[in-house]
Amino acid sequence: MLVAGLGVLAGSILLSRLDLGTEALKLWLQISAAVAAGALFLAALSVRRISEDRRQIAESELRFRRAMEDSAIGIVVVGLDGRIRETNPAFAAMLGYSREELEALTFFQITHPEDLHIGRETMDGMRAGTVNSFHFEKRYLRKDGTPVWARLAGSVIRDENSGRPLYLVSQIEDIDARKQAETRIAEAETRWNFALAGAGQGVWDLDMRKGGTTYSSTWVRMLGYADGELDGDTDRWLSMIHPDDREIVAEADRDHLDGKTPFFEAEFRMRHKDGHWMWILDRGKAIERDEEGRLVRAIGSLTDITRRKEAEARLTVSAALLADEKERLRVTLQSIGDAVICTDATNRVTFMNPVAEKLTGVAGGEALGKMLGHVYWAVDEETGHRIGVTRPAVGVHASADQNSRAVLVRRDDKRCSIRQVVSPIINERNEFCGLVIVFQDFTDARALQRQLAHAAAHDALTGLANRSSFIRAMEELVGQARKDGTADTTKSAGDTTKSVGGAGHQFMFIDLDHFKLVNDTGGHAAGDALLKRVAEAVRGVLGPDDIVARLGGDEFAVILKSGSAAGAKIAARSIIDAIGGLDFTWDGRPHMIGASIGLAAISANCGEADEIIARADAACYAAKAAGRGCVYVAPDGEITPEPLAVAS
């Protein structure tokens, strides 16, 4: 327009020099003015439009830069050489650099070495004109060297006229947390699948959108099928269930679908491909339903429990057999005549039979669960100490403990003699499980034993020790004296006899005087009655530790524990006086008797028991020969009579 206006102006000047008519010149000038005015208007309009375009470009650039500054994700402008021309704070913060540090680097320097090929492929496609936009995921390297996952989406900026690539603009999002979560999920899924496979468990996934059920390879192989052979038909698994179990499975399935149970669970038999039956534990749960409540998806696990079921069947049979055996044992224990108490490892009562209830005075119902000491308390018959009933020491061979001199002390303080056998219960792992105590009322038997033992050791008429028991006691004392090395050496000094060199014991042989007359006139009954009186008289003179025995007929023997020869002579005189002073009358006729006594020492050098008795017997014979009513002491090797006056 400007050129046209200038042309009109130039034409006007030229025409003014030509000789044209006034009208023609006037017309031309009007046209020229109009053209010039139009040209000026159009020129002004063009200038205004250029100015508006520049303003819009400036505003657009300002908005872009503001968007870069305020964006929560990284924005980067990258040149064709890979150098970072411009970046925003979000990307700098993501990698731990400042903006200045990043803009001095290339994207190759901040990309993980294993992901460099991704960027190079993009640059090659951009140069070849095949790439105008891109999006991919890769790892960058932070300033501290640690990797960070990012998602890139960008465009290639080209020259509008030539189409030549100028630079790239990328939006970069930090997806490191998501990637780490995906890695953890993948690892967990791997461990889960491995654990399921190791435990012999399979997984099924029913998805109605996909039109069927899929099974894990572990499970299909367990059933004898190939991978994928069971996938598809949602009802096929039902046809593989044992007919007797289908209703149970269907009921469990309905209860879960109706919301009655939080998950589906059932145990049933399923046919293996080769025809045999396997026991299965099936657990599952509906995880998705449609708007009308119909099942869309369910997931569950299948476990082979065949071995467990077979073990349970064996245990059931064993339990039945054990129950029968236990019942037979219970009936047996209830029926036997022995008392039985059982305890557990903590010494608490677990069983008592009726005999035990009777002997202890405690009812079985009251005793169960109580400590053994609450029910059963046994003490030693001689010492009175409690007989412990405890578990055996660890590692020690456990054997039954028998005791034939126990006394049961009841809660009412009544006592009865018992014979008990305590047996520990040890299981197959050598662990202590409890005790079995079997005991019997031994009161009568023990009384009979005591009577028999007393009869065997005592004279039936007088109750004194008999000859055999007295000889045994004598032999024990002689042996002990010899062991102790005591020697009884006597020395006479006037009327006193002293013991020199250790105190032993003294043996006394007693023979009654004039006893035959009593027997002849009064009969054996009179003689027996008199012998009892003599026994009481002798026993009454001596101490509790001295031993008195009837050797037979009218012969008695005494062992004096005092050990003094002088004391023995005094005791002998007392015996002679006691016997002589007996006021014995039979059938109204009085009888007077006496006694002659021979003394002998019991010491280390006195010889054997029969030698001591022989010396004392000889001394007694000498006393009789000397006129009766005397006591004679028999020293070693010789008899020296010491007559005593007969008691008046």
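User: In which strand is the place of Thr214?

Analyst: Thr214 is placed in strand 7 (residues 212-215), where strands are DSSP runs of E with at least two residues, helices are runs of H or I with at least four, and both are numbered from the N terminus. This is a predicted model, in which local features need pLDDT of at least 70 and side-chain atom pairs pLDDT 80 or more, while totals for chains, interfaces and linings use all residues. Residues are numbered from 1 along each chain as its sequence is written, and side-chain values use heavy atoms, with hydrogens and water left out.

User: Is Thr214 buried or exposed, and how far is Asp231 from Thr214 in space?

Analyst: Neither label fits, as Thr214 counts as partly exposed at 41% relative accessibility; buried is under 20% relative accessible area, exposed is over 50%, and partly exposed is in between, with a 1.4 Å probe and protein chains only. From Thr214 to Asp231 the C-alpha separation is 4.6 Å, with their positions 17 residues apart in sequence.

User: How far apart in space are Asp401 and Val422, and what about Arg411 and Val362?

Analyst: The C-alpha atoms of Asp401 and Val422 are 5.0 Å apart, for 21 residues in sequence. Asp401 belongs to strand 14 (residues 401-409) and is partly exposed at 40% relative accessibility. For Arg411 and Val362 the C-alpha separation is 8.2 Å, and the two are 49 residues apart along the chain. Arg411 sits in the loop between strand 14 and strand 15, and with a relative accessible area of 48% Arg411 is partly exposed.

User: How do I read an aromatic pair, and how many aromatic pairs are there?

Analyst: Rings of Phe, Tyr and Trp (its six-membered ring) pair if their centres lie within 6.5 Å; planes under 30 degrees apart are stacked, over 60 edge-to-face, and the rest tilted. Here the count is six aromatic pairs. One of them joins Tyr376 and Phe439, a tilted pair with 4.9 Å centre to centre and 50 degrees between the planes.

User: Which parts does the pair of Tyr376 and Phe439 tie together?

Analyst: Tyr376 is in the loop between helix 13 (372-375) and strand 13 (378-380), and Phe439 is in strand 16 (residues 432-441), so the pair ties together parts that are 63 residues apart in sequence. Tyr376 is buried at 1% relative accessible area, and Phe439 is buried at 0%.

User: Why is the pair of Phe584 and Trp586 stacked?

Analyst: The ring centres of Phe584 and Trp586 are 6.3 Å apart and the planes meet at 15 degrees, so this pair is stacked. Phe584 is buried, at 5% relative accessibility, whereas Trp586 is partly exposed, with a relative accessible area of 25%.

User: What lies over the face of Trp149, and what sits over the ring of Phe263?

Analyst: A charge sits over a ring if NZ of Lys or CZ of Arg is within 6 Å of the ring centre and within 35 degrees of the ring normal. Lys179 lies over the face of Trp149, 4.5 Å from the ring centre. Over the ring of Phe263 is the charged end of Arg283, at 4.4 Å from the centre.

User: How should I read empty space inside the model, and how many cavities of 30 Å³ or more are there?

Analyst: Rolling a probe the size of a water molecule over the atoms shows where empty space is left. There is one cavity of 30 Å³ or more, a cavity being a set of points, on a 1 Å grid over the protein atoms alone, where a 1.4 Å probe fits but cannot get out. The largest cavity holds about 180 Å³ of space, a volume being the space filled by probe spheres set on the points, which are joined across faces, edges and corners.

User: Which residues are the closest to the centre of the largest cavity?

Analyst: They are Val78, Phe107, Tyr140, Leu152 and Ser170, out of 17 residues that line the largest cavity; a lining residue has an atom within 4 Å of a point. Strand 3 gives the largest share of the lining, four residues. Strand 1 (74-79), helix 5 (116-127), strand 3 (133-141) and strand 5 (165-174) each supply at least two.

User: How does a positive phi read, and what is phi of Asn430?

Analyst: Most residues other than glycine have a negative phi. Asn430, not a glycine, has a positive phi near 60 degrees; Asn430 lies in the loop between strand 15 (415-426) and strand 16 and is exposed at 62% relative accessibility. Arg628 also has a positive phi, about 65 degrees, without being a glycine. Arg628 is in the loop between helix 18 (609-625) and strand 25 (631-633).

Technical notes. On a 1 Å grid over the protein atoms alone, a cavity is a set of points where a 1.4 Å probe fits but cannot get out, and a pocket is an open set with protein on both sides within 12 Å along at least five of seven lines; lining residues have an atom within 4 Å of a point.
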